[in-house]
Amino acid sequence: MRRNKNRILWVFMTVVLLIGLFSISALAVDPVDPSDTLDVYLKTSAGTTLLHTYELSEMEDLAKGEDVEYSSIDNMPATVYTIASGVYVEDLLDDVQQYTEMDIWDFSKLRFKATDGATGNFTYDDLFEDRYYYPGLHEDGHGLNEDQEIDYEVGEGSLVQPMLAIEAWQTRKPMPGEYRDPYEPERYTILFGMSEKELEKVKKRTSDYKRGINELTIDMGDVAPPTDGEVPVAGIDLDRSAATISVGKMLQLNATIEPDNATNQGITWTTSDVSVATVSSSGLVTGLTAGTATITATADGDTSKSETCTITVSEQSNSGGNSGNDSESISVSKIVLSKSELTLAVGKERTLTATVSPSNADDRDVSWKSSDAGIAKVDQDGVVKGIKEGSATITATAGGRSATCKVTVVDADVAVNGVKLNDSNLTLSKGNTYQLKAAVSPDTATNTTVFWSSDAPGVVSVDTEGLVSAKNIGSAVISVMTEDGSFTARCQITVSDTAPSFSDIANNWAKKDIESMIGLNFITGYDDGTFRPNNTITRAEFLSILIRVLEKTQNIQLQSDNTFTDTAGHWAKDYISTAVKLNITTGYDDAKFGPNDKITREQIAVMLAAAASYDQNQPAATFNDSPLIAEWAVPAVSYAVNEGIFTGYKDGSFGPKKNATRAEVSALMMRFYEKMNQTKD
């Protein structure tokens with residue numbers, strides 16, 4: 001794995017500490033033969049190999065540092081000022097990587113050798129820990145005081161990257177107001193920064209530099225080179241070592257090969273007892289009978305590398321499978337990140353938050369991983385740091401479930417210059433909710449974090465995602481403010497009396513959901529003042545409700561194409577066409593949709609799962625009528641139940657073939673609406 005380097009901000013003001021600048025008595029520096037080439041070697045336990053010889057033209061192509069300022073202390077001690085242009089060591093190593101299958105960032109040390117035979121050995125921390133340029137060291141009134149200590153505050157410097165300078169000019173300041181004549185050190189000069197610890201202890205020479213570098217040896221320590229150009233498997237990691245599931249339940253195990261660039265990433269799954277638990281080729285475990293089985297994940301690239309998980313299969317707690325068993329493991333059903341996309345500048349940090357559901361799941365520990373720690377690294381608290389320009393995916397995993405965030409690292413921050421809301425004036429019925437959306441400008445702004453607030457939370461409250469809830473009659477102002485620049489936008493919300501009350505829902509179990517759905521214009525009542533909550537609903541009616549929800553939460557647009565022979569003149573033609581475009585439904589096999597057919601509960605589950613782009617690998621939802629669920633609907637029903645969108649009946653059944661009622665649809669679609677608000681892009 002490429003180690004988490006402390007990549008340093010490309011800033012014009014940078015620092016470097018130089019090795020062997022002047023002798024104590026000399027007033028000039030003995031010349032060193034410059035080098036027009038740089039030989040790069042790789043040293044492993046098998047020996048040393050020349051990887052590539054860099055010509056001057058290649059080094060000039062890699063050079064990103066131009067007229068970079070540095071400061072340092074020599075062994076007098078005296079202050080030294082340097083202006084240099086050249087190749088950052090980080091960029092050089094990144095370029096060298098193309099000449100070997102080994103991850104050179106796992107080096108033990110870097111050895112630089114000069115044309116005069118001088119050498120310098122550096123560990124990772126020697127070069128890449130935080131090092132600084134301190135401009136005050138070479139300015140009048142600063143530098144060293146009479147006690148030979150730096151008369152300069154720690155922390156006033158700028159971060160710098162280590163460099164192999166192609167050109168550099170230096171002046172030395174042995175006494176206040178006195179500078180030596182500039183001279184040009186020979187190619188290539190290794191330059192690097194001064195740490196804060198070194199700054200505090202300048203009575204000793206803090207570090208050296210070498211001129212005329214013509215060799216670089218990347219020492220990998222005792223690591224053996226790969227054979228036949230292959231990257232060998234170093235190990236295998238399994239996300240859990242033990243778990244308990246019920247008979248008939250499933251559990252997804254996840255294994256990863258290390259390193260992540262190993263040539264053979266294949267994994268073979270086996271079980272010690274197929275009568276107790278089986279495991280698929282992707283690590284999906286199914287409990288069959290009560291007992292214990294050991295699931296083993298073995299690396300195909302090296303069968304000596306394996307990890308195991310002990311699976312205990314227990315009897316179901318009851319025939320319906322709905323009541324809990326205190327001894328049974330509660331699996332994680334989902335994990336949601338605070339952001340699905342993130343932009344940050346090199347050197348900057350942002351924190352991602354992971355929410356694991358259900359809240360009482362046994363394995364709630366979240367692990368974090370970056371797809372490319374050389375671009376963006378993440379610690380185990382979810383703190384993401386930009387390392388260099390590019391894109392990487394941050395993955396949070398808990399209990400076998402994962403969520404990702406795409407991170408784009410840019411060279412420098414793009415400042416926010418404003419924010420707008422999708423509504424500036426609203427009227428809501430008491431008890432209803434509405435999703436406000438903030439658009440930060442420009443679109444390329446680095447920090448798009450916003451904060452929401454209400455000046456009357458007792459009237460209208462707002463959550464961290466901009467979802468407002470009308471609580472009491474009155475008015476309130478909802479404000480959104482950007483973290484970057486504190487730009488604000490506001491929405492005036494007036495809360496009226498409750499939504500129109502229908503004569504037939506006063507005592508209905510779904511009354512609140514019905515009123516909310518009506519307040520959001522997702523569904524309507526009848527002209528005679530009734531809602532008819534127990535009436536069944538058609539396929540066309542359901543899709544019209546679903547598409548309205550997606551219009552509000554996902555900003556989709558209605559499509560007007562006609563797909564089926566029986567929907568050309570139907571009032572819901574556009575809703576049905578849109579659902580087809582979104583791959584929510586395909587209709588029947590005879591090119592008909594059946595818009596006026598009553599919709600069943602399992603059909604609804606399939607459509608909702610498709611609309612949410614769900615993961616089909618779901619823990620099985622078990623009911624006493626599970627065998628009645630169509631095979632094509634099983635994963636979707638499990639998803640809808642696991643997400644809390646659907647619930648079973650009191651008798652332990654799901655009722656897959658039952659026609660859904662208007663009350664049932666109102667309740668489950670409010671849950672779906674809230675879910676889509678939480679997971680919207």
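Strands here are DSSP runs of E at least two residues long, numbered from the N terminus, and by that reading the protein chain of this predicted model holds 39 strands alongside 10 helices. I295, the residue at which this tour begins, belongs to one of these strands, β20, which covers residues 291-299.

**The whole chain**

Before zooming in, display the full protein chain, which has 681 residues, 48% of them buried. Its accessible surface comes to about 30,800 Å², and carbon and sulfur atoms account for 46% of that area. Among the contacts with a separation of 6 or more, 68% join residues that are 24 or more positions apart.

**Stop one: I295 in β20**

Select I295 and show the residues around it. Is I295 buried or exposed? Because its relative accessibility is 0%, I295 counts as buried. Once its neighbours within four places in sequence are set aside, I295 is in contact with L253, W269, T270, T271, V279, V285, E307, T308, C309 and I311. One of these partners, T271, is worth a distance label: T271 and I295 stand 24 residues apart in sequence, yet their C-alpha atoms are 4.6 Å apart in space.

**Stop two: V276 in a loop**

Next select V276, which sits in the loop that links β17 (267-271) with β18 (277-279). Although V276 is a loop residue, it is buried, with a relative accessible area of 5%. If residues up to four places away in sequence are not counted, V276 touches T286, G287, L288, T289, A290, G291, T292, A293 and V313. A label drawn from V276 to T294, which is 18 residues away along the chain, gives a C-alpha separation of 9.6 Å.

**Stop three: two three-stranded sheets**

Now select β24, β28 and β27, which form an open sheet in that order with antiparallel pairing. The edges of the sheet are β24 (349-351) and β27 (376-378), each of which pairs on one side only. With direction ignored, neighbouring strands in this sheet are turned against each other by 25° on average. Between β24 and β28 (residues 383-386), which run antiparallel, there are three bridges, and E349 has K385 of β28 as its bridge partner.

Move on to β33, β37 and β36, another open sheet of three strands, arranged in that order and paired in antiparallel fashion. Here the edge strands are β33 (433-435) and β36 (460-462), and each of them pairs on one side only. From one strand to the next the twist averages 20°. Three bridges connect β36 with the antiparallel strand β37 (residues 467-470), where A470 is the bridge partner of V460.

**Stop four: helices α6 and α7**

Select residues 539-554, which make up helix α6. How far apart are the end C-alpha atoms of α6? They lie 21 Å apart, which agrees with the 22 Å that 16 residues should span at 1.5 Å a residue; the expected figure is 1.5 Å times one less than the number of residues. Colour the buried residues of α6, which are R539, A540, F542, L543, S544, I545, L546, I547, V549, L550 and T553. As a guide to reading such a set, an α-helix has 3.6 residues a turn, so residues three or four places apart point the same way. After α6 comes N555, whose phi is positive, near 60°.

Add helix α7, residues 573-581, in which K573, Y575, I576, S577, T578 and A579 are buried. Keep α6 on screen while you look at these residues, since α6 is included in what covers the buried residues of α7. α7 is followed by N583, where phi is again positive, near 60°.

**Last stop: E664 in α10**

Finally, select E664, which lies in helix α10 (residues 662-678). E664 is buried, with a relative accessible area of 12%, a value that falls under the 20% limit used for that term. Which side chain does the side chain of E664 meet in a polar contact? That partner is the side chain of Y649, at 2.6 Å. The side chain of E664 also reaches the backbone nitrogen of T661, at 3.0 Å. Leaving aside neighbours within four places in sequence, E664 is in contact with W509, R601, Y649 and N659.

Methods
Residues numbered from 1 in each chain as written. Predicted model: local features only at pLDDT ≥ 70, side-chain atom pairs only at ≥ 80, totals over all residues. Heavy atoms only, no water. Helix = DSSP H or I, 4+ residues; strand = E, 2+ residues; numbered from the N terminus. Buried < 20%, exposed > 50% of the residue type's maximum accessible area, 1.4 Å probe, protein only. Contact = heavy atoms within 4.5 Å. Polar contact = N/O pair within 3.5 Å; in protein donor to acceptor, adjacent residues only side chain to side chain. Pairing = 2+ DSSP bridges. Axes fitted to C-alpha atoms, helices over the stretch in contact; angles between N-to-C directions. Areas by Shrake-Rupley, 256 points an atom, 1.4 Å probe, with all protein chains shown as cover.
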